[in-house]
Every structure is written in structure tokens, then in C-alpha cells.
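User: Please take a close look at one part of this model, the aromatic ring pairs, and set them beside the surface and the strands where that helps the picture.

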Amino acid sequence: MEEITVESISLKELFDKQQTLIIPDYQRPYVWTQKEVYKLLAQLKQHQERSDEKPLFYLGSVVLFKNKQNNLEIIDGQQRLTTLQILSLIQSKSDFGIKYSHPISLKNIKANYNHFLNNTFEIIELEKINVTSVVVESEDLAYSFFETLNTGGKRLSGTDILKAHHLRSITKVAERNKYAYNWEEKQKNLEAVNKLLVKVRRIDYLKPKNIPDKFASAENWKNVLTEDFAENVGKNKLDIGYSLVEIEENTHRIISNKYSIRQPLNEGKNYINYLMSFSNAYNDIFETKNKEDFYSKFNNRMIDQIDGTVDLRSFYQLCLLCFVDMFGTENLLEFSLWLFRHIFSLRLYEQSRIYEPTVRNYVDSSKIVERIFHAYNYQEIISYLKEYKTSEIKINGSQVKQRFFNKCSDFFSLENPSEENFDEKLKVRIEEIVRTNKDEI
């Protein structure tokens, strides 16, 4: 039997096949909203309003993988097929037999079903909807199609592609299911975490690579993420971590987490565990809205409340994640305050509006990322930040600078600050806060 079978068939013919259609573990859940459904309905209506002599409505390609149980796994086309199953169920109670278990899929299916249940829309005639059915019998080939064929609707992100790539490397079904579930539980911030990790790995001064800026397209980021975390990872499936170890005579203490940001990676469990490790760190240090300790208040009021500081925050977060990678969270508050003084001082003395290249040049010239990675203990980097001399503040009637100056003065409770004494007062106040809240984190 050939490895690939390509047919031009109607949806009715596809669903009449005596094979079960299933959603593989590495597929993202059903995520189409009413917006995408209305778009598909508009296309169907426009097609039906054409003259009688017209071809079938072309839905695009549907890629299916015939597994060992002779079931057909939907590799590409889940969003469109699920949507048509919902509409068909509303109109004629016909069920395509696709089974769903993911809670996000079930939630979105129910939402779309309830919304369109009381809406009038064009008759869904499955025999008049054409697809190109591509059935493959090699999982590697199926994944290649999955990676390259995304037609319409919500495009797959780089992180969606990485999920598929690495889950398929885990051969035991129960283990793969566990990792797939854990991935979906952490889905919210994984794209942001992946982008931060890529930036830190690419900013390496010994092996510098181009880093996408904040205006980079989703497609650009997809290419970068898949290049760094799919194409350029090892294939031996060993789950190896690299940590900073403190040794004294016959004892040793692991200072950092198991995985290191810039470490070499292997596909499958190694990359997934690496990503989940930093996802946990990201959530601990940046998701602080419901916490009341001083660090959380500082993060909520001074870092997350953006006022012309989005680029400063981006590199602040990058450096903070590097610190936690090396030294854990034990001294997170102290480092975050001194780092804030170091990076956010740009807001007060930079003469023009701050752009991403300005911040990147500043980070490059100070070598702050490399200083973190080259420190043997956290005191080294803290000493550098304390001794760092900021430029002279010159507000010069700028409302933006004055607003930020006042915001800092209020939050840190600085008494009678001026442009001349602001930095000295801030340094003294940071020392006081660290002493007062030393055991907080």
C-alpha cells in the first residue's frame, strides 16, 4: 500500500468512510470563535449565490494519518471539520463521529453550538463541499504536513508546532498523554516564555544571532521558534539538565533549577521539561496580581503598569528570568529592585522617546545579561548593580519623565526628592526595603 493517498472527495464521502476520526494528543484544542464560524458561513453563502453551473465549495486540504489501529488521526483540518460538525448537528442532527475530550475543545464547541442554535444560516450540504483528502501512513510524514499546512482560520503559533514536534517523540501513550495534559494546563504563557528563552539564547555574545523585535510578524516568530527549539535540538532523547553547583569539601548544593536557559536540548521530554520549568518560574515571578507581599506590589504597580516603558519591561523581565535561572528566587526582591534602578533609569535621563533599539543597546553596552551568567554567586551581580552609576537626571519639562519621577518617588516613599538627589535617595530606600523584607521571597 502506498504511503500517501490523495483524493478529491466530498465531505459526505469522507465521513462515510468506515474509519474512526480522532484528534491526536499533540493537536491544539478546538479554538474557533464565532468570528471564524461567521467567516466560513459567509464564504459558503457567497458560493451558493453564484450561478447554477458551479463547482463544489472547496474547503481546502484535510491531512489524515492512518495509525496502527486503522483509525484516521486529523492532522490538519480539525477547526474546519469541527465547525461543520457543529453546524450539521444543529441542522440535521448528523454526527461525523469525531470524538473530543479536551476541556478547551468541549467548552468552545458548546459555546458555538449554543450561539448558532438560534441563528439562521445556509443549509450545510456535505455532498456539495469538496476537500483534498491526504492520507499518510508515516507519522513523520504526517507531522511534516502538520508543520507546513495551515489553511485559514487561526494560524498555528510556533509554540503549537513545538508541542506537536516534541510530543510525537514520546512513544509511550500514557506518558505522552500526561505531557500533553500538562502542556495545556500551562498554555496561557508558553508563547511568551518561549520568546524570552529564544532572546536570552540568541543574545549570547559568543554566538550572537538575530533577535526578532516587537514588530516581528507571527510567521517570523514561528520560524525562529521552530528553528531554535525543533530543528536545532538533539535527537537522542536524553533528559539532561545543567545546574550551578556550590561545593564545600565533601558536600555540594545545587543553587539553581535543574535546567539552564542556554543549555543544549534534546527533543521530546527534555525540551518539554525545560519549557515547563521556565514556565513555572515565569508564573512565580511575573503573575503576581493576587499576591500582597512587597515584591508583588512592586511588580504590579511599577513593572506591569506600563507608561511608555514596554521596551524597558521586556528587557527587565529577560534579565530577571536569567537571574532566577542562575540563583533561584531566594534573593529575587533584592535583585529586582537594583535591576529596576539599572534599567528603568533610562526613563529619566534619556533625552528622546525610548525605543526598543535604545534599550537593547543599553543592555548590550552594560553586558548585564552576561554579567548575570558569569557570576559565581548572586552577591557579584548585586555588587555590580549597586555600584552602577546612572546618568544625571534631566527632566527638562518633559511630562512623561516628570510623571515617572513622581511615580517612583511615591512608591518608594522618597522624601523631598530632586533631580540631583533622586538616585542617592532611591539607593538608600532600596537598602531599607531589602532589610525589612529579607525573608519575604
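Analyst:
**Aromatic pairs and their surroundings**

On the surface of this predicted model, Leu238, Ile240 and Tyr242 make up a nonpolar patch whose accessible area comes to about 260 Å² together. Leucine 238, one of its members, is located in the loop that runs between helix H9 (218-231) and strand E6 (245-248), and its relative accessible area of 45% makes leucine 238 partly exposed, because that value falls between the limits of 20% and 50%.

The aromatic pairs can be taken next. The structure holds 22 of them. In one, the rings of phenylalanine 298 and phenylalanine 412 have centres 6.2 Å apart and planes at 55°, so this pair counts as tilted. The two residues come from distant parts of the chain, 114 residues apart, with phenylalanine 298 in helix H11 (residues 294-303) and phenylalanine 412 in the loop between helix H18 (399-411) and helix H19 (422-436). Both phenylalanine 298 and phenylalanine 412 are buried.

Another pair is formed by phenylalanine 344 and phenylalanine 404, whose ring centres are 6.3 Å apart and whose planes meet at 15°, so the pair is stacked. Because phenylalanine 344 belongs to helix H13 (residues 332-344) and phenylalanine 404 to helix H18, the pair ties together parts that are 60 residues apart in sequence. Phenylalanine 344 is buried, its relative accessible area being 2%, and phenylalanine 404, at 5% relative accessibility, also counts as buried.

These four phenylalanines are members of a cluster, since ring pairs link Phe294, Phe298, Tyr316, Phe340, Phe344, Phe404, Phe411 and Phe412. A further contact with an aromatic ring involves a charge: the charged end of lysine 367 sits over the ring of tyrosine 205, at 5.2 Å from the ring centre.

The strands add another covered region to the picture, for strand E5 (residues 129-136) is mostly covered, with 7 of its 8 residues buried. Strand E1 (residues 4-10) pairs with E5 in the antiparallel sense over 7 bridges, and within this pairing glutamate 7 has serine 133 of E5 as its bridge partner. Strand E3 (residues 57-66), in turn, runs parallel to E5 and is joined to it by 8 bridges, with phenylalanine 65 having valine 136 of E5 as its bridge partner.

Conventions: Residues are numbered from 1 along each chain as its sequence is written. This is a predicted model: local features need pLDDT of at least 70, side-chain atom pairs count only at pLDDT 80 or more; totals for chains, interfaces and linings use all residues. Side-chain values use heavy atoms; hydrogens and water are left out. Rings of Phe, Tyr and Trp (its six-membered ring) pair if their centres lie within 6.5 Å; planes under 30 degrees apart count as stacked, over 60 as edge-to-face and the rest as tilted. Helices (H or I, at least four residues) and strands (E, at least two) are DSSP runs, numbered from the N terminus. Buried means under 20% relative accessible area, exposed over 50%, partly exposed in between (1.4 Å probe, protein chains only). A charge sits over a ring if NZ of Lys or CZ of Arg is within 6 Å of the ring centre and within 35 degrees of the ring normal. Patches are made of residues with over 30% relative accessible area and no salt bridge: like charges are joined within 9 Å, nonpolar side chains (Val, Leu, Ile, Met, Phe, Trp, Tyr) within 5 Å. Accessible areas come from the Shrake-Rupley method with a 1.4 Å probe; for residues, only the protein chains shown count as cover. A salt bridge is a side-chain nitrogen of Lys or Arg within 4 Å of a carboxyl oxygen of Asp or Glu. Two strands pair if DSSP finds at least two bridges between them.
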